[in-house]
Number of protein chains: 2
Amino acid sequence: MATTDRLERLIADECGSCCDGDVDDRVAELEAVRDRASLERTPTDAAVFDALSTETRLDIVRLLVAADGELCVCELEPLVDVSDSAVSHALSTLTDAGLVERRKEGRWRYYRPTDRAAALLAAADPGLDGAGTVSGGVAE
Amino acid sequence: MATTDRLERLIADECGSCCDGDVDDRVAELEAVRDRASLERTPTDAAVFDALSTETRLDIVRLLVAADGELCVCELEPLVDVSDSAVSHALSTLTDAGLVERRKEGRWRYYRPTDRAAALLAAADPGLDGAGTVSGGVAE
DNA sequence: CGCTCATATGAACAGTTGTTCATGCGTTGG
DNA sequence: CCAACGCATGAACAACTGTTCATATGAGCG
């Protein structure tokens, strides 16, 4: 890690150069933060959020959650203004991300959202947003 | 909505052509679903998920959550393998999405995650994922 | 079996985006 | 003031991606 220049000046500025070996301590602390952050990584990584990052896919998930059951492609297609092929592509991406599940019945495929999808929408939508530090208990 | 062809066949297949005017009913029902889904839209829309859809920005948010306080750019930059400019760009995007907040102090800017950011990470990370219907418990 | 249907999948193109480099802006120290 | 610093921002380029068209797959039906 060669870019500790600014970090040293930051620490010196924060505690008024009172202590000298604090740089190493702070670096170690930051590396511990990095380790902790890495542990929270799921195998899906950013793919989960990426799957919800376009209006088409997000609309589909919202529709599936709003519908109190399951919908098939031919029901979704009239509700979003893209081709059925695009809907299918979107559903594949969402399935890979673990946000929807598929049920086959005859010629049709019924899709429904997973708990994770609903949890993500709930976490993003409500007005609990805005200000506030986070630390402490994110537990649930 | 001109693409109700398949929808008609679906309904006929589901209830065995028992009823005829059901197509309009089902279409109306689907439009109600669409209206309900639209109501849940926040002004931020898909931008929130989009902000978390890249490894760099997601890593930054994870680091801010893992750190039990606030971090500045010079502390984040050694922890992610991109330039300080990229970190700044990422933080701007995250700020616009309402996922981090900025505090100015002298030459430095300290960043901390919002509640929404923490809630989103919590909703995506835990092992509560996988199988399960979402609303109300639609047994099957 | 050959047909159609519902959906999945591959290719290709346009639009988007994440990165770095260069530079601008407010702040601090000499 | 002037220089240096921390960070923000604009431009530019490569890389990615969402869409549609074309085609494949598997299921029902005559």
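**Two chains around two DNA strands**

Of the atoms of DNA strand C that come within 4 Å of the protein, 75% are sugar or phosphate atoms, and the rest belong to bases. This is a predicted model, in which local features need pLDDT of at least 70, side-chain atom pairs count only at pLDDT 80 or more, and totals for chains, interfaces and linings use all residues. Residues are numbered from 1 along each chain as its sequence is written, chains are lettered from A and ligands numbered from 1 in the order in which they are written, and side-chain values use heavy atoms, with hydrogens and water left out.

Stay with strand C. The protein surrounds DNA strand C with 25 residues. Near means that one of a residue's heavy atoms lies within 4 Å of the strand. The closest are Ser85(A), Ser88(A), Tyr111(A), Arg6(B) and Thr56(B). By class, this surface has seven nonpolar, 10 polar and eight charged residues. Here Ala, Val, Leu, Ile, Met, Phe, Trp, Tyr, Cys and Pro count as nonpolar, Asp, Glu, Lys and Arg as charged, and the others, Gly among them, as polar.

Next come the polar contacts, pairs of N or O atoms within 3.5 Å; within protein, one must be able to donate a hydrogen and the other to accept it, and residues adjacent in sequence count only if both atoms are side-chain atoms. The side chain of Ser85(A) places an N or O atom 2.7 Å from a base oxygen of DNA strand C. For His89(B), a side-chain N or O atom is 3.5 Å from a base oxygen of the strand. Val73(A) uses its backbone: an N or O atom there lies 3.5 Å from a phosphate oxygen of DNA strand C. Both chains give elements with two or more residues to this surface: α5 (73–76), α6 and β3 (108–113) from chain A, and α1 (5–15), α4 (55–66) and α6 from chain B. Helices (H or I, at least four residues) and strands (E, at least two) are DSSP runs, numbered from the N terminus. The largest share, five residues, comes from α6(A).

Now turn to DNA strand D. It is surrounded by 23 residues, and the closest are Arg6(A), Thr56(A), Ser85(B), Ser88(B) and Tyr111(B). Sugar and phosphate make up 77% of the strand D atoms within 4 Å of the protein. The surface near strand D divides into seven nonpolar, 10 polar and six charged residues. Ser85(A) appears again: an N or O atom of its side chain is 2.9 Å from a base nitrogen of DNA strand D. His89(A) has a polar side-chain atom 3.5 Å from a base oxygen of DNA strand D. Arg102(B) reaches the backbone instead, with a polar side-chain atom 3.2 Å from a phosphate oxygen of DNA strand D. At least two residues each come from α1 (5–15), α4 (55–66) and α6 (84–96) of chain A, and from α5 (73–76), α6 (84–96) and β3 (108–113) of chain B. The largest share, four residues, belongs to α6(B).

Tyr111(B) leads from the DNA into the protein. It is among the closest residues to DNA strand D, and it sits in strand β3 of chain B. Tyr111(B) counts as buried because its relative accessibility is 5%. Buried means under 20% relative accessible area, exposed over 50%, partly exposed in between (1.4 Å probe, protein chains only). Beyond four places in sequence, its contacts include Leu64(B), Leu91(B), Thr95(B) and Arg102(B). Contact means heavy atoms within 4.5 Å. Thr95(B) is 16 residues from Tyr111(B) along the chain, and their C-alpha atoms are 9.2 Å apart.

Which residues have the most contacts inside the largest nonpolar core? They are Leu120(A) and Leu120(B), in a core of 78 residues. Such a core is a set of buried Ala, Val, Leu, Ile, Met, Phe, Trp, Tyr and Cys residues joined through side-chain atoms within 4.5 Å. Leu120(B) touches residues of both chains, including Phe49(A), Leu120(A), Val48(B) and Leu99(B). In helix α7 (residues 115–124) of chain B, eight of the 10 residues are buried, Leu120(B) and Leu121(B) among them. These buried residues pack against α3 (47–51) and α7 (115–124) of chain A, and against α3 (47–51), α4 and β3 of chain B.

Last, look at chain A as a whole. Chain A has seven helices and three strands, in the order α-α-α-α-β-α-α-β-β-α. Of its 140 residues, 43% count as buried.
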